[in-house]
Amino acid sequence: MGTKNDARLVALFLWVLLSPVVFSAENDGLIRIQLNKKQLDQRIRLHRRNVATEQESPSGKYGLHGSSEDAEIVELKNYMDAQYFGEIGIGTPSQKFTVVFDTGSSNLWVPSSKCYFSIACFFHSKYKSGQSSTYTKNGKSAAIHYGTGAISGFFSADHVKVGELVVQNQDFIEATKEPGITFVAAKFDGILGLGFQEISVGNAVPVWYSMVSQGLVKDPVFSFWLNRNIEGEEGGEIVFGGVDSDHFKGNHTYVPVTQKGYWQFDMGDVLVDGETTGFCADGCAAIADSGTSLLAGPTTIITQINHAIGASGIVSQQCKSVVTQYGKTILDLLIAKTQPKKICSQIGLCAFDGTRGVSFGIESVIDEKLGRKHDSSLHGAPCTACEMAVVWIQNQLNRNMTEEQILNYVNELCERLPSPNGESAVDCSSLSSMPSVSFTIGGKLFDLAPEQYILKVGEGSAAQCLSGFIALDVAPPRGPLWILGDVFMGRYHTVFDYGKMRVGFAEAA
């Protein structure tokens with residue numbers, strides 16, 4: 001995926017989707033590429049997020065036109081409810097690759113036959129330019145950095161087949177280095193980015209842009225249906241050129257794209273069991289990201305959710321220390337109507353006056369992508385703990401809790417702070433007692449039930465349940481930021497409307 005960061009390349013490894021038994025079938029004029037899947041008994045790892053080192057490219061404008069009568073559909077493989085893969089072809093004759101269709105990045109890359117020294121390349125299909133009659137040499141170097149490693153290589157151009165559509169002369173990256181264990185174990189060969197050109201490494205024109213500009217799709221719209229039933233035959237479908245009415249119920253709620261790059265929009269309050277968490281009531285940014293397996297959000301709220309669902313994370317002594325020393329002071333200042341965003345600087349734990357909003361001392365991956373750096377001297381663990389405590393205490397004050405109740409509650413939240421990799425385990429037998437978690441989008445609540453945000457790994461006594469929420473802190477002005485990954489998109493059919501620059505959500509069928 002292209003944003004991001006510090007949320008890492010997931011590869012919860014348990015289901016291998018597939019043998020590349022591929023065939024095309026028409027259904028109501030829609031072309032489908034079917035993929036099978038089979039079970040693999042492997043251990044799991046958690047997650048990924050990519051950060052490109054290139055600086056932000058200047059935006060470009062592209063004419064939108066179309067002539068195809070039908071939408072193109074690529075069926076996706078469900079990899080243990082963690083990642084969804086589909087198959088594409090590159091070159092003439094077509095060389096097949098399994099890729100993640102990632103709305104959080106914008107480049108297409110696959111392993112190159114010139115990848116000689118990375119172990120990962122030996123376990124995946126490799127593009128052989130010498131075997132394609134439509135290959136065009138480019139040679140410009142490229143690199144994309146991830147939380148768990150990086151891929152590097154060079155640009156080439158060739159025809160790319162997606163479903164029955166053939167995109168001509170498409171720029172893509174031939175990866176010659178794929179360091180780290182992540183890509184060795186991954187069940188995908190590469191990534192096909194569906195984000196905007198603004199975040200494309202090398203300012204390469206994304207595949208989706210080419211599909212639109214070459215008149216290959218009826219409408220400048222694509223949509224995702226992700227099948228969260230890992231026992232199901234289908235992993236899901238991505239539909240290019242429109243939507244499939246069989247994939248959703250009711251009507252979509254649309255919100256405008258607020259910043260091109262990622263499919264970013266404004267989101268409102270987050271509720272746990274119908275109660276506000278008190279952090280996004282004034283608004284947060286959100287990204288619909290098919291390349292992120294889980295659901296990432298500010299540590300302040302993720303900790304509250306973990307507490308509510310009984311998730312076990314790393315005990316933060318720093319957090320508890322701040323609460324012990326400054327908890328009552330924070331409480332008194334809030335009662336005295338001190339501006340919450342200025343409290344931590346007033347007591348000396350943060351170096352700024354709060355006028356820029358709460359900032360979490362964890363470097364924004366998006367800013368890193370854009371080449372920006374934070375001054376870490378302005379932040380730090382005490383500042384971060386203080387800012388979280390302010391939000392938690394204020395939230396409890398609004399519920400008329402006593403001082404003792406509030407400080408005990410905040411200490412409990414400190415104990416629920418996520419582990420360094422963000423993942424938290426829960427008791428599988430407690431799902432029925434866990435609360436719903438709701439997101440306000442376009443003025444409407446979108447609920448997630450426990451069975452939808454908890455991932456169950458393994459069978460019988462070896463089963464383990466993981467929270468689908470992980471922590472990700474992005475400082476203002478780009479944050480606070482939520483990344484609504486497959487946990488959310490599996491529950492809600494998602495439409496990416498490039499023509500009207502909006503994102504839509506409806507209950508998945």
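In the predicted model, strand 28, which spans residues 481-484, directs L481 and I483 one way and W482 and L484 the other way, and all of these residues are buried. This arrangement follows a general pattern: in a regular strand, the side chains alternate between the two faces of the sheet. Strand 28 is joined by four bridges to strand 20 (residues 284-288), and the two strands run parallel. Within this pairing, A285 stands opposite L481 of strand 28. Strand 28 is also joined to strand 21 (residues 295-297), here by two bridges and in the antiparallel sense. A296 has I483 of strand 28 as its bridge partner. Strand 28 thus illustrates both senses of pairing, with strand 20 running parallel to it and strand 21 antiparallel. In general terms, strands of a sheet pair through backbone hydrogen bonds, either parallel or antiparallel.

The protein chain as a whole contains 10 helices and 30 strands. Of its 509 residues, 59% count as buried. Among contacts with a separation of 6 or more, 73% are accounted for by residues 24 or more positions apart.

A further group of strands forms an open sheet. Its four strands follow the order 19-18-23-24, and their pairing is antiparallel. Strand 19 (275-276) and strand 24 (444-448) stand at the edges; each has a single partner strand, so one side of each is left without a neighbour in the sheet. The partner of strand 24 is strand 23 (residues 437-441), and five bridges connect the two in the antiparallel sense. One position in this pairing is that of I441, whose bridge partner in strand 24 is K444.

Among the helices, helix 3 (residues 299-309) is largely enclosed by the rest of the structure, because nine of its 11 residues are buried. The buried residues are T299, T300, I301, I302, T303, Q304, I305, N306 and I309. After helix 3 comes G310, which has a positive phi, near 75°.

Helix 3 packs against helix 8 (residues 403-415) at an angle of about 95°, and the two axes lie 9 Å apart. The two helices are therefore roughly perpendicular to each other. Helix 3 contributes T303, Q304 and H307 to the contact, while helix 8 contributes Y409, E412 and L413. By residue type, this contact comprises two nonpolar, three polar and one charged residue. Two of the helix 3 residues in the contact, T303 and Q304, also appear among the buried residues of that helix.

Charged side chains were examined next. The model contains five salt bridges. One of them joins the side chains of E198 and K260, with an N to O distance of 3.5 Å. This pair links distant parts of the chain, as E198 and K260 are 62 residues apart. E198 belongs to the loop between strand 13 (190-193) and helix 2 (207-213), whereas K260 belongs to the loop between strand 16 (248-256) and strand 17 (264-267). E198 has a relative accessible area of 5% and is buried, whereas K260, at 32% relative accessibility, counts as partly exposed.

Another salt bridge connects D332 with K328, and here the closest N and O atoms are 3.3 Å apart. Both residues lie in helix 4 (residues 317-335), four residues apart, which corresponds to about one turn of the helix. An α-helix has 3.6 residues a turn, so residues three or four places apart point the same way. D332 is partly exposed, with a relative accessible area of 36%, and K328 is likewise partly exposed, with a value of 43%.

The side chains of D497 and R502 also meet in a salt bridge, at 3.0 Å from N to O. D497 is buried, its relative accessible area being 6%, while R502 is partly exposed at 24%. In addition, K249, R491 and E507 are joined into one network by salt bridges that share partners.

Methods:
Residues are numbered from 1 along each chain as its sequence is written. This is a predicted model: local features need pLDDT of at least 70, side-chain atom pairs count only at pLDDT 80 or more; totals for chains, interfaces and linings use all residues. Side-chain values use heavy atoms; hydrogens and water are left out. Buried means under 20% relative accessible area, exposed over 50%, partly exposed in between (1.4 Å probe, protein chains only). Axes are lines fitted to C-alpha atoms, for helices over the stretch in contact, and angles run from 0 to 180 degrees between N-to-C directions. Angles under 35 degrees count as roughly parallel, over 145 as roughly antiparallel, 65 to 115 as roughly perpendicular and the rest as oblique. Contact means heavy atoms within 4.5 Å. Ala, Val, Leu, Ile, Met, Phe, Trp, Tyr, Cys and Pro count as nonpolar, Asp, Glu, Lys and Arg as charged, and the others, Gly among them, as polar. Two strands pair if DSSP finds at least two bridges between them. A salt bridge is a side-chain nitrogen of Lys or Arg within 4 Å of a carboxyl oxygen of Asp or Glu.
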